[in-house]
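This report concerns one protein structure. Please consult its sequence and coordinates alongside the text.

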Amino acid sequence: MSVNPFLDPALAIRWSALTADQIVPAITTALERATQAIDRISAPAAGAPSYANTFLALESAAEELGVAWGKVTHLQSVADSPAIREAHNQMLPQISAFYAKIPLNAALWQRLKACAALPEVQALQGIHRRFVQETLADFRQAGADLPEERRQRLEVIQGELAQLTQKYSENVLDATNAWKVVVTDPARLAGIPAHALQLARQRAEAKGQGTAEKPAWCFTLHQPSQEPVMTYAEDESLRQECWAAFVAVGAEAPHDNSDLVKRILALRAEKAGILQQPHFADLVLQRRMARTGERALAFITDLQHRATPAFAREWRELEAFKAARVQQPPGPLKAWEVGFWAEKLRRSQYDFDEEVLRAYLPMDRVIAGLFEVAKRVFGLEITERTAVCLAGGSGTSAPDGAIETWHPEVRFYEVRDARRRHVGSFYADWHPRESKRGGAWMGYLVTGGPRPDGTRAPHLGYICGNLTPPVDGKPARLTHREVETIFHEFGHLLHHLLGEVEIKSLNGVNVAWDFVELPSQILENWTWEREGLDLFARHHETGAVIPEEIFQKMTAARNFRSACAMLRQVQFAKMDLLLHTRTADFLAGDLETKIRAAVEDCMIPTVPPGRSLVKRFGHLFSDPVGYAAGYYSYKWAEVLDADAFSRFKREGIFNARTGADFVTHILSRGNSEEPAELFRRFMGRDPDLQALLVRAGLAA
């Protein structure tokens with residue numbers, strides 16, 4: 001009898017066999033097995049509790065289900081279709097109910113507590129002691145000690161949150177894909193870089209629009225398409241059209257998220273109340289580095305205070321610059337003018353056009369350079385394997401030695417460490433398409449790690465993005481920000497692949513979310529160092545490195561309008577924390593009006609006023625928890641990464657011993673210890689905010 005491909009544990013996943021019709025039977029079977037496994041642990045017939053038959057049994061009880069459901073949710077992110085969406089949404093309520101019930105299972109909770117009280121369990125050390133402590137804390141935080149009526153209400157809330165956040169995510173994707181503008185008048189394209197025009201023309205041709213004699217250019221809301229328009233297009237009406245469409249994502253029928261956001265917030269607040277927390281932020285943060293919503297908000301407010309004087313200078317400077325150029329009195333810019341005039345100001349101040357870097361950042365060289373950085377710093381050997389995308393359900397098989405993927409653009413790699421161990425493999429899927437959600441992200445499909453017999457199983461992960469695609473069959477030429485994105489997601493990936501934690505649920509990125517961005521953000525630093533850039537920033541035709549004159553301009557312009565960039569992130573984090581600490585203030589009346597009033601002091605004054613991201617902010621509302629009450633983590637971890645990279649700067653950015661220490665104390669340790677302790681192991685002290693302020697050019 002053949003195994004359902006979603007339940008196949010093999011590291012080489014048969015993506016062509018993962019068809020929508022297989023989802024419901026696979027997840028139904030996995031749910032039944034996981035439920036039976038949970039029941040066996042807590043049943044009276046299970047016998048006397050022990051660490052092995054209770055805690056370790058619980059660890060493995062739902063592993064098959066987690067791997068299978070991970071494949072489903074991944075496909076929905078990268079290869080969405082009506083059939084996959086329907087099957088996913090059919091099973092989502094049952095999945096949500098299953099996971100919500102585990103910590104609310106009274107018999108299971110009693111057995112865990114009884115087991116934890118045993119002398120031999122209390123004597124456990126290291127990762128096993130940590131696992132017991134974390135499991136008990138997970139159950140308590142989820143409401144295990146609540147009376148039955150409240151536990152039942154929590155289950156209902158979890159199920160509804162799962163469905164509401166899924167619908168929110170679908171609305172954002174569908175609204176993004178629903179809009180495009182087709183330009184047939186070349187005069188409207190003035191200022192837009194050549195590469196963006198090539199992509200727009202290629203996109204139009206793919207949609208059957210335009211001819212060689214009468215070309216057309218198609219622009220969408222995907223970042224590689226709309227960003228060049230907003231930054232460079234001289235045609236103000238085109239910029240205004242793109243801006244209006246972008247801010248309408250999630251805000252207009254039939255994809256309006258307004259009511260969904262309020263309902264999600266209300267349910268999160270109710271959940272916090274049931275769990276005897278003052279608000280959702282305190283519920284979420286009690287075991288993260290920040291500990292409380294107020295402490296996280298104080299951290300963000302402190303950053304805002306430090307950056308506000310420079311922020312005010314920067315937007316007033318931009319208003320004065322535009323006024324001088326158009327010979328009008330200074331005044332607020334239009335909302336669709338900020339990026340356009342900021343780029344002109346940067347060129348004026350630094351004689352630097354970011355677009356010139358594209359010629360030196362062909363994607364194939366960037367990826368090769370990234371792998372060379374990983375080799376020099378962390379001792380890794382990364383090898384590409386032959387990959388093939390087969391037609392779904394066709395019955396054909398991959399050629400010998402080839403790895404299947406879900407799309408022809410996806411690449412597959414193997415990673416070996418300095419000891420030549422196969423530590424893991426990963427897929428890379430970098431370019432936008434309509435069946436793929438926006439943004440960039442890392443995830444994992446299989447968690448390996450140390451086995452009881454002393455061997456080690458490889459991990460399997462993936463990194464995805466929506467970066468500039470290739471044109472005319474040539475390698476994509478990237479912006480420097482896109483290169484940072486690749487390094488960022490690769491840092492997350494290393495956190496998973498290099499994990500040496502034998503308890504899988506404590507491996508890799510399963511750490512406090514205000515710590516999880518440290519491995520990703522620190523990798524971005526190598527994209528700003530001359531030694532790092534010279535490994536991959538080579539001209540796509542000549543192979544020459546970035547000329548010193550351009551490099552100097554690039555680094556000089558790095559902190560151009562850095563206070564505005566800082567306040568933009570502060571705005572998102574502040575909005576998140578206010579929504580989740582003062583929820584009642586936002587549930588009545590117009591959500592956008594109230595949000596804007598709450599964070600207006602972090603926004604550049606424009607006419608019309610800028611809009612918040614609240615109705616298209618997937619970080620906060622595309623998951624029952626996700627980054628909700630945790631968006632501050634990006635800035636929190638930026639303090640950690642700026643400080644940690646200062647050690648590399650002192651000891652050498654390619655110092656293998658420093659890199660090995662980072663692997664030993666950070667990348668390999670997962671959630672085996674408190675994150676603050678892991679940071680101290682690497683740095684020898686607590687983090688220092690000053691390193692971030694210096695890097696951003698905002699230090700006093």
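The sections below treat the sheet, the helices, one loop residue and the salt bridges.

This is a predicted model, in which local features need pLDDT of at least 70 and side-chain atom pairs count only at pLDDT 80 or more, while totals for chains, interfaces and linings use all residues. Residues are numbered from 1 along each chain as its sequence is written, and side-chain values use heavy atoms, with hydrogens and water left out.

**The sheet and its helices**

Helices (H or I, at least four residues) and strands (E, at least two) are DSSP runs, numbered from the N terminus. Two strands are taken as paired if DSSP finds at least two bridges between them. On this basis, 5 strands make up an open sheet with mixed pairing, in the order S4-S7-S8-S12-S9. Strand S4 (381-385) and strand S9 (441-446) each have a single partner strand, so one side of each is left without a neighbour in the sheet. From one strand to the next, the twist averages 25°; axes are lines fitted to C-alpha atoms, for helices over the stretch in contact, and angles run from 0 to 180 degrees between N-to-C directions.

Strand S7 (residues 411-416) and strand S8 (residues 422-429) run antiparallel and are joined by 6 bridges. Within this pair, Val 415 stands opposite Gly 424 in S8.

Helix H16 packs on the sheet, where it touches S4, S7 and S8, and its direction makes about 145° with that of S4. Contact here means heavy atoms within 4.5 Å. Helix H17 lies across S4, S7, S8, S9 and strand S12 (459-464), running at about 170° to S12.

**Helix H18**

A residue is buried under 20% relative accessible area, exposed over 50%, and partly exposed in between (1.4 Å probe, protein chains only). In helix H18 (residues 517-524), 8 of its 8 residues are buried, among them Glu 517, Pro 519 and Glu 524. The buried residues of H18 pack against helix H16 (363-378), helix H17 (480-497), helix H24 (633-651), helix H25 (656-667) and H26.

**Leu 221**

Leu 221 is placed in the loop between strand S2 (217-220) and helix H10 (223-232). Leu 221 is buried, at a relative accessible area of 4%. Its contacts, not counting residues up to four places away in sequence, are Thr 176, Trp 179, Gln 226, Cys 242, Ala 245, Phe 246 and Val 249. Trp 179 is 42 residues from Leu 221 along the chain, yet their C-alpha atoms are separated by 7.0 Å.

**Salt bridges**

A salt bridge is a side-chain nitrogen of Lys or Arg within 4 Å of a carboxyl oxygen of Asp or Glu. The whole structure holds 57 salt bridges. Three of these pairs are tabulated with the relative accessible area of each partner.

| Acidic partner | Basic partner | N to O distance |
|---|---|---|
| Asp 353 (22%, partly exposed) | Arg 347 (35%, partly exposed) | 3.2 Å |
| Glu 414 (16%, buried) | Arg 416 (28%, partly exposed) | 3.8 Å |
| Glu 677 (26%, partly exposed) | Arg 680 (32%, partly exposed) | 3.4 Å |

Glu 677 and Arg 680 both belong to helix H26 (residues 675-683) and lie 3 residues apart, about one turn of the helix. An α-helix has 3.6 residues a turn, so residues three or four places apart point the same way. Elsewhere, salt bridges that share partners join Glu 227, Glu 343, Arg 346, Arg 347, Asp 353, Glu 354 and Arg 481 into one network.
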